[in-house]
Amino acid sequence: MDRSLFTLKGFKPIMAVLAVLTALQAAMIIIQGYFLADAISSLFGGDLFHSAAGKLAIFLGALVLRHFLAMLNRKIAFRFAAKTSARLREDLVRKLFVLGPRFAAAEGSGQTVTLIMEGVAKFRRYLELFLPKLSSSLIIPAAVCGFVFFQNVRSAVILILAVPILIAFMILLGLAAKEKASRQYSTYQVLANHFVDSLRGLETLKNLGLSRRHAGKIEKVSEQYRKATMSTLRFAFLSSFALEFFTMLSVATVAVFLGLGLINGHIELQIALTVLILAPEYFLPIREVGSDFHATLDGKEAGENIRAILKEEVSVPAQDRVPTWHAGSTLAVENLQLPFGSESDKRISFSVSGMKKIGIIGASGAGKSTLIDVLSGFLQARSGDISIDGQPLRDFANPTWQKQLTYIPQHPYVFSGTLLDNIRFYQPDATEAAVMEAADSAGLSEVVASLPKGLHTVIGEGGRMLSGGQEQRVALARAFLGSRPVIMLDEPTAHLDIETEYELKQTMLKLFEEKVVFLATHRLHWMQDMDFILVLDHGRLAESGTHEELLARKGFYYELCQAQMEGRE
């Protein structure tokens, strides 16, 4: 029993309803077994058919009602699983937004997408199968055994003794199966990450002439998953056979003792038939749990992974409403300590007013991306004082702050869907005319014109693949459409060639107008267009000022410029 299921919303009421329906189902099983045995023994004793017709009618009625109740059980479990999985997917996506891109990058984008798309579906299947079987395995065997006890004590004892053996066997199988299922799921996650990364880099691999060599790596990863899957299937078939064998042996033992009782005259035919008919029903729920156990292991593993993400600790968002950023707004940061390294004396302090362009520069590993993630609310700073327009904030993980900003990473995610839906990612209700205007502003007009269905062309995985520069333009179009006052950019052009970056730069500078912008980059030519520059060095603020002021000081920034001009960086 997975105790974490009790934490699901509505789990206890649903289990109470399933328990009531299962108890009625158990009553129908006993009634159908009793009256079927009674009708057969009556006919065997020489009675006419019409004398047993009433008993057979009761048997048929109980049989129909039993299957109706079973169908109702499955329908209720299906609805609960669908509702729970939908809520879980929403919670997971919302939590991933809070955790930010750094968490998704660490986990692997392929694994994260697979967990959202397929993991939640597998967990839903797990709930659909497991909940009715759980209720049946707890109630039906107990009811059947209780009835058999009043019919024939010896048979009831045999049934009771068989259960601990089956349970012990299932526990041993469960422990071994869980290990194999975990290994299979791990290889599946590796395959998912590898597949997504291969799709994204396919064009690059082809241009570099490495596509054939990469095919060998794909084959190796796929073979690992195949071996893990076949190993799990072999174990599943073996355990199912063993479970069937033990239950069949238990029923046969009951039949032998009933036969001896009939021969010796110690038991009546009607009672013997009733017990013999109900014995398989006693083991049926246990067998179903065992057979479905392997089918639902992936769902259980996925559920555990989802709950692990949902339990990830994040900073508690401040409940204070952040003022909407405008031309007169001021952001003050004092003694901000980044979650960077182990040293505690590296602090960052700066103040930004109005619609300014703030450049964040530094060598690789200086903490540029970390600072952007902290300002975006994706990471929690170790300490520091923050205020906007004089209003203190506990941190940047504040919904009213994050709704004001647009985040453009180094590799924007283009999901499988139309170009129209990709652009209006932040504004799903935007009109097609507004989307086209944003696409024009981002320099996507030629791309839209070249696509067979224009904005309605499917792009991303399974559709038209875009180049790195085109993906960045999609991200810019999203920003143009959203018109949010704050823009955070984390190395947005680091993977682009100089020509593509120059074309994008003109578009991006147009986007930066009338907004406060934080641009983290290692390319110094951007700094001439910035109103203020923060120079980082290993998590500390080395110096700050305008481009001209920093060059005049001939300090750390000046050395960075000299190093880049001389080709040393």
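**Strand pairing, cavities and exposed loops in a predicted model**

Strand 1 and strand 4 (residues 383-388) pair in the antiparallel sense over 5 bridges. Two strands are taken to pair if DSSP finds at least two bridges between them; helices (H or I, at least four residues) and strands (E, at least two) are DSSP runs, numbered from the N terminus. The structure is a predicted model, in which local features need pLDDT of at least 70 and side-chain atom pairs count only at pLDDT 80 or more, while totals for chains, interfaces and linings use all residues. Residues are numbered from 1 along each chain as its sequence is written, and side-chain values use heavy atoms, with hydrogens and water left out.

Within the pairing of strand 1 and strand 4, Gln337 has Ser383 of strand 4 as its bridge partner. Strand 1, which spans residues 330-337, is also joined to strand 2 (residues 348-353) by 5 bridges, and these two strands run antiparallel. Here Thr330 is matched with Ser353 in strand 2.

Further along the chain, strand 11 (residues 532-537) has 5 of its 6 residues buried, where buried means under 20% relative accessible area, exposed over 50%, and partly exposed in between (1.4 Å probe, protein chains only). Strand 11 pairs in the parallel sense with strand 3 (residues 357-361) over 4 bridges, and Val535 of strand 11 is the bridge partner of Ile361. Strand 11 is joined to strand 12 (residues 540-545) as well, by 5 bridges and in the antiparallel sense. In this second pairing, Asp537 has Arg540 of strand 12 as its partner. The hairpin of strand 11 and strand 12 has 2 residues between the strands, and His538 takes a positive phi near 50° there.

Positive phi values occur in loops too. Glu514, a residue other than glycine, has a phi near 60° and is placed in the loop between helix 15 (498-511) and strand 10 (516-520). Glu514 counts as exposed because its relative accessible area is 65%. Lys554 is likewise not a glycine and has a positive phi of about 55°; the loop that holds Lys554 runs between helix 16 (547-553) and helix 17 (556-565). With a relative accessibility of 57%, Lys554 is therefore classed as exposed.

Lys311 lies in the loop between helix 8 (297-310) and strand 1. Its relative accessibility is 65%, so Lys311 counts as exposed. The C-alpha atoms of Lys311 and Lys95 are separated by 9.3 Å, although the two residues are 216 residues apart along the chain.

An unreviewed UniProt entry annotates residues 12-36, 48-69, 130-150, 156-177 and 235-263 as "transmembrane region". Residues 12-36 are 100% helix and 0% strand in the model, with the end C-alpha atoms 36 Å apart. Residues 130-150 are also 100% helix and 0% strand, and their end C-alpha atoms are 31 Å apart.

Finally, a search of the whole structure finds 2 cavities of 30 Å³ or more. A cavity is a set of points, on a 1 Å grid over the protein atoms alone, where a 1.4 Å probe fits but cannot get out; lining residues have an atom within 4 Å of a point. The largest cavity holds about 40 Å³ of space. Of the 10 residues that line it, Leu379, Gln380, Ala381, Asp395 and Phe396 are the closest to its centre.

Technical notes: 1 Å grid on protein atoms, 1.4 Å probe; cavity = no way out; pocket = protein on both sides within 12 Å on 5 of 7 lines; lining within 4 Å. Points joined across faces, edges and corners; volume = space filled by probe spheres on them. UniProt positions renumbered as here; feature names shortened; annotations may be inferred.
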